Amino acid sequence: MTLRDVRLRLRALLTPRRAERDLHDELAFHVDRETKKLIDEGMAAAEARSRAQARFGSVPLAADRCRDQRGTAAVDNTIRDVSYALRAFGRAPLSALTVVVTIAIGLGAVAVLFTFLNTFLFRVDRVPDIDAMYGVERPRADDDRALLTQPQFDALRRETRIFTDAYAVGPHLDLRVDGEMMTGTFVSANFFQVLGVSSVLGRAFTPADEERPGGFPAIVLSDKGWRRRFNRDPAVLGRRVLVAGVPLEIAGIMPAGFRGLDVSGPDFWAPLSLLPQLQADQARGAGDLTVEVVGRLRPGVSVESAGAQLSAWTSTQPGRPPDRTADRLMLVPRRGTLPHPMEAIAIFTPLFLAFGLILLIGCANVANLLLARGVARQREIGIRLSLGASRRRIVRQLMTESLLLALAAAAGGYVVSRVALEESVYWAVRTMPVDLGDINLNVPAADWRVALFLVATAIAATAFFALMPALQATRIDPVRTLRGELVRDARPRRARNTLIGVQVFASALLLICAVIFLRSAIASSRFDPGLRTSDTVVIQMINEPKRAAMLQAIGRDAAIASYAAVRPDLIGQPFVGVADTGAGKTRVSYKFVSGQYFDVLDIPIVRGRTFAASEDEHHPVVIVSESVARALWPNRNAIGETFRIEPDVEPGKPPAEDAMLVSRLVTVIGIARDVRGFRYSDVKDAGIFVPTSPSVPRTSVVARVNGSTDLARQTLLDHLTRVDPNMGLIIMMRTVARLETFFLQIAFWGSLILAGLALLLTGSGLYGVLSYLVEQRTREIGVRMALGASTRRLTLLVLSQTSRPVTWGLVAGAGLAAALATALLATPFGVFIAEIVHVTDPIAYAVSLLVVVGTCLLAAWIPVRRAARVDPMRALRTD
Amino acid sequence: MSTADIMTRVPDLLPGTLDLLILRTLRSDALHGWAIAERVQAISEDVLQINQGSLYPALHRLEHQGWLDAEWRVSELGRRAKYYRLTAAGRRQLAFETREWERMSQAIGRVMKLA
């Protein structure tokens with residue numbers, strides 16, 4: 001590139017108007033000069049001019065090629081393309097808006113999902129240089145990452161030079177903080193320092209804190225815990241809270257988005273040195289506690305050499321527990337993402353397909369719209385082609401238009417996804433059963449990956465669905481177009497019908513899912529589990545040393561009407577044992593209950609009696625369910641029958657935790673009505689009930705409360721946490737019953753919203769296509785009317801335009817739904833799914849298909865009426 | 001007669017010869033685009049007609065390459081017109097391309113005579 005070249009380019013760039021004027025003058029001069037020459041040769045002025053112009057050829061084309069020489073063509077072409085595109089949008093603002101809004105809705109739906117996936121698969125965190133973080137793990141895929149004892153961790157830090165520094169993570173525990181359950185993670189004091197993240201309020205722990213006598217009696221809240229429990233109140237800083245009964249200070253609050261290197265972060269972090277204090281009853285020697293070690297790899301150390309150093313170091317460790325470090329240790333990258341991304345992708349794929357269908361329908365609408373508009377633009381493009389614009393320029397122009405639409409749609413999609421995320425998370429949190437303990441949902445943050453995803457998808461969508469019809473428009477004959485003959489027979493009827501078919505297909509599929517979920521939810525809410533759920537609660541007893549005191553408090557509490565012992569508790573599976581009646585052995589499920597159990601839960605004893613208070617686990621009596629009684633003693637009264645019950649021990653396997661059952665001969669004293677149990681939570685009640693009492697370790701308490709269950713639960717929590725600050729959950733049985741329908745409801749609303757969007761888009765798409773067709777065929781309709789066609793025939797004529805693709809869409813949608821249902825039932829989860837969701841519910845299919853057909857008819861209504869109102873005289877006069 | 005007809009009757013120039021013709025035409029005087037085309041046509045006795053659609057892109061290209069310099073002057077029509085003249089680099093390029101051309105035409109001439 002010479003200096004002159006640069007100067008010329010700069011001039012063209014900086015003073016584009018002057019450069020353009022010069023170019024125009026230069027070319028115009030040539031034609032004028034040629035004209036003068038011809039006149040001088042004796043030609044008439046007018047003829048001379050047209051001859052001169054003919055000899056020169058296309059002036060704009062030559063000008064374009066001159067511009068190409070200056071190398072700034074790209075820039076000023078773009079400027080011209082953009083301004084031209086904006087003018088084009090200004091001329092047809094409604095259709096540009098339709099394109100943007102339609103694609104934005106679909107994009108927003110997909111972006112919602114991608115934002116979630118992004119948080120799980122890719123790191124969205126504040127940890128600097130996260131790629132240097134490595135965890136010490138065993139090669140086998142194993143959930144237990146706590147491999148080293150605390151002295152070993154200290155030795156590793158002292159003796160190796162693998163990490164610049166490493167921290168230790170102890171257990172993640174659900175602890176009561178001022179009576180409310182919160183999740184805490186126990187970490188070594190250098191945790192925040194190694195990660196390189198500091199608090200937004202107050203301060204985090206530092207290694208210096210550990211050296212103080214008694215440690216640093218404080219916790220650091222995550223943004224999640226701060227928001228969930230303290231409503232982001234800055235005054236909590238420095239407040240003393242009772243964590244599992246131990247007073248600790250809230251020292252600091254971490255920034256939003258920081259969750260440590262776990263997929264879902266805890267509510268707070270506490271120093272590892274406090275663990276023995278907080279877990280007084282489970283205290284073990286510090287040497288027994290194993291921790292997970294994560295460190296920042298020293299710069300310049302490769303992962304391989306670090307692994308080798310680690311192995312060498314391990315082998316020098318004296319007294320390591322042989323079964324723990326038997327395998328070679330290795331370093332595994334820690335990015336705080338899901339350890340098994342493929343599983344997440346497997347879960348997300350069907351969701352992506354469902355959400356993607358909305359985008360697909362939207363795109364189909366856009367394509368249809370542009371196909372219709374393509375005819376209108378043929379004249380414009382034809383004129384430009386015949387004025388000498390090259391096809392490349394026109395394609396560039398159309399691409400610029402698509403790109404502008406794509407960017408606007410991406411911005412719209414971002415707004416849609418944020419609003420949808422905020423709303424859906426808010427809704428889910430609000431309607432979630434409160435006492436499920438600790439399910440917290442954050443609105444995931446969007447980052448550059450989400451932005452990239454939006455823009456890329458928007459460009460792909462507009463390129464496919466907006467550019468294709470536009471390109472088709474350039475494949476026209478300028479001469480015929482100029483003569484006003486639009487290429488109507490090039491009308492891409494097949495493409496349009498395919499698009500309608502796809503839309504109807506997607507709507508039908510999504511709607512069938514929605515109705516199936518709705519009907520299953522209704523069926524589930526009517527389901528009677530066979531036990532009283534309205535005012536009963538389960539009080540988990542997880543802290544054996546406090547059992548006696550707790551029972552005393554429960555017995556005294558005015559909120560409790562009656563209570564009984566049960567093991568396993570109502571949300572656990574009963575044990576499995578073997579009943580030997582002498583006639584043969586039968587596997588039976590059993591659980592331990594106290595005599596009040598049947599009364600508390602309203603389970604009728606149909607014959608015989610329940611356990612007396614004096615009958616404890618040593619008494620040789622049992623109560624059986626009706627179905628077990630029928631199975632073991634057909635046609636006989638089971639009361640008074642004797643049989644041997646023993647644990648179901650497989651040879652060679654250690655006895656399960658139900659070893660509490662001693663093999664013995666028992667007598668049936670009562671028969672209880674069958675309890676169907678909960679299906680979603682997969683809780684079946686037992687067939688055999690063995691006596692126990694609340695004072696027996698590992699039993700839970702099930703109680704019937706007085707008055708409002710919510711109020712009673714709160715009172716109980718207040719009273720009982722005073723007795724045992726570390727007590728387990730109090731679960732309302734009503735919540736468990738609601739769980740039966742909760743997820744079905746979520747699935748229903750989710751698929752209903754998607755199906756609604758799909759129907760809306762399909763309806764508007766059909767409306768657009770039919771209006772266009774009616775408009776295009778006004779003359780034909782007029783002729784038919786003039787020849788005496790009835791309104792009914794005309795209606796049928798319009799409807800017949802789309803009846804075939806609609807039918808195909810319905811058949812394909814229902815067919816795919818049925819095929820998916822069949823495939824789903826064939827999977828290992830099929831039985832479980834079939835019990836909860838009636839995937840082949842014929843009524844759901846019928847209702848959905850009717851709704852889709854109804855929507856299509858509704859969308860056709862206005863165009864049909866317009867066709868029927870055509871005035872034959874006027875129609876024949878229209879061009 | 002349509003534009004297309006005229007264009008098809010013009011014999012195709014050998015590739016690269018358009019640049020040579022322009023440079024050679026401008027060796028002594030500064031000329032505007034029309035005069036360049038006119039002079040080539042006159043001297044070649046109407047055998048060579050420069051396709052005017054490609055003349056101006058070529059002029060602009062040579063200008064960007066630094067072989068031509070352009071200035072606006074008042075023309076014989078009394079209007080301003082863009083006059084091109086050779087630069088020093090253009091002269092060197094002309095000398096080079098002339099040698100190349102002679103070598104090529106001698107070679108072709110020999111083949112035509114002897115082959």
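This passage describes a predicted model of two chains, A and B, beginning with its confidence and then turning to each chain and to the contacts between them.

The predicted model scores ipTM 0.84 and pTM 0.62. For chain B, the mean pLDDT is 81, and 86% of the residues reach 70 or more. The start of this chain departs from that picture, since pLDDT stays under 50 over residues 1–11 of chain B, a stretch for which the model has eight contacts beyond four places in sequence. Where pLDDT is low, predicted coordinates should not be read in detail, and some caution is in order for that stretch.

Chain A has 879 residues, of which 38% count as buried, and its secondary structure comprises 27 helices and 22 strands. When contacts in chain A between residues at least 6 apart in sequence are considered, 84% of them join residues at least 24 apart.

Two helices of chain A illustrate how buried residues can be arranged around a helix axis. Helix α4 of chain A, which runs over residues 59–70, has 12 residues and reaches 17 Å from its first C-alpha to its last, close to the 16 Å expected at 1.5 Å a residue. Its buried residues are A62(A), C66(A), R67(A), Q69(A) and R70(A). These buried residues lie on the same side of α4(A), because they cover an arc of only 150° around the axis.

Helix α7 of chain A, residues 150–159, has Q150(A), Q152(A), F153(A) and L156(A) as its buried residues. Seen down the axis of α7(A), these residues fall within an arc of 160°, and they therefore line one face of the helix. The face of α7(A) turned away from the buried side carries the exposed residues R158(A) and E159(A). The elements that cover the buried residues of α7(A) include the strands β2 (148–149), β3 (163–177) and β10 (290–297) of chain A, together with helix α12 (303–316) of chain A.

Two loop residues of chain A stand out for their backbone angles. Most residues other than glycine have a negative phi. D129(A), however, has a positive phi of about 50° although it is not a glycine, and this residue is found in the loop between α6 (93–121) and β1 (133–137) of chain A. D129(A) counts as exposed because it has 11 other C-beta atoms within 10 Å, where the cut-off for an exposed residue is 12 or fewer. R232(A) likewise has a positive phi, near 55°, and is a residue other than glycine; R232(A) lies in the loop between α10 (223–230) and β7 (240–243) of chain A. With 12 other C-beta atoms within 10 Å, R232(A) is exposed.

In chain B, three strands form an open sheet in the order β1-β3-β2, with antiparallel pairing. The edge strands of this sheet are β1 and β2 of chain B, each of which pairs on one side only. Strands of a sheet pair through backbone hydrogen bonds, either parallel or antiparallel. Strand β1 of chain B (residues 31–32) and strand β3 of chain B (residues 80–86) pair over two bridges, and H32(B) has Y83(B) as its bridge partner in β3(B). On the other pairing, seven bridges join strand β2 of chain B (residues 68–74) to β3(B). Within it, W72(B) has K82(B) as its bridge partner in β3(B), while L68(B) stands opposite L86(B) in β3(B). The strands β2(B) and β3(B) also form a hairpin with five residues between them, and G78(B) in the turn has a positive phi of about 80°.

Where the chains meet, 19 residues of chain B are in contact with 24 residues of chain A. On the side of chain B that touches chain A, the elements that give two or more residues are α1 (3–9), α3 (33–43), α4 (52–65) and β3 of chain B. Of these, α4(B) gives the most, with eight residues. By class, the side of chain B that touches chain A has six nonpolar, eight polar and five charged residues. The position of α1(B) at residues 3–9 falls in the stretch of residues 1–11 of chain B over which pLDDT stays under 50, and its part in the contacts is best read with that in mind.

How values were computed
Residues numbered from 1 in each chain as written. Chains lettered and ligands numbered in written order. Predicted model: local features only at pLDDT ≥ 70, side-chain atom pairs only at ≥ 80, totals over all residues. Pairing = 2+ DSSP bridges. Helix = DSSP H or I, 4+ residues; strand = E, 2+ residues; numbered from the N terminus. pLDDT = per-residue confidence, 0-100. Contact = placed C-beta atoms within 7 Å. Buried ≥ 20, exposed ≤ 12 C-beta atoms within 10 Å, placed from the backbone. Expected span 1.5 Å × (residues − 1). Arc of directions from axis to C-beta. Nonpolar A, V, L, I, M, F, W, Y, C, P; charged D, E, K, R; others polar.
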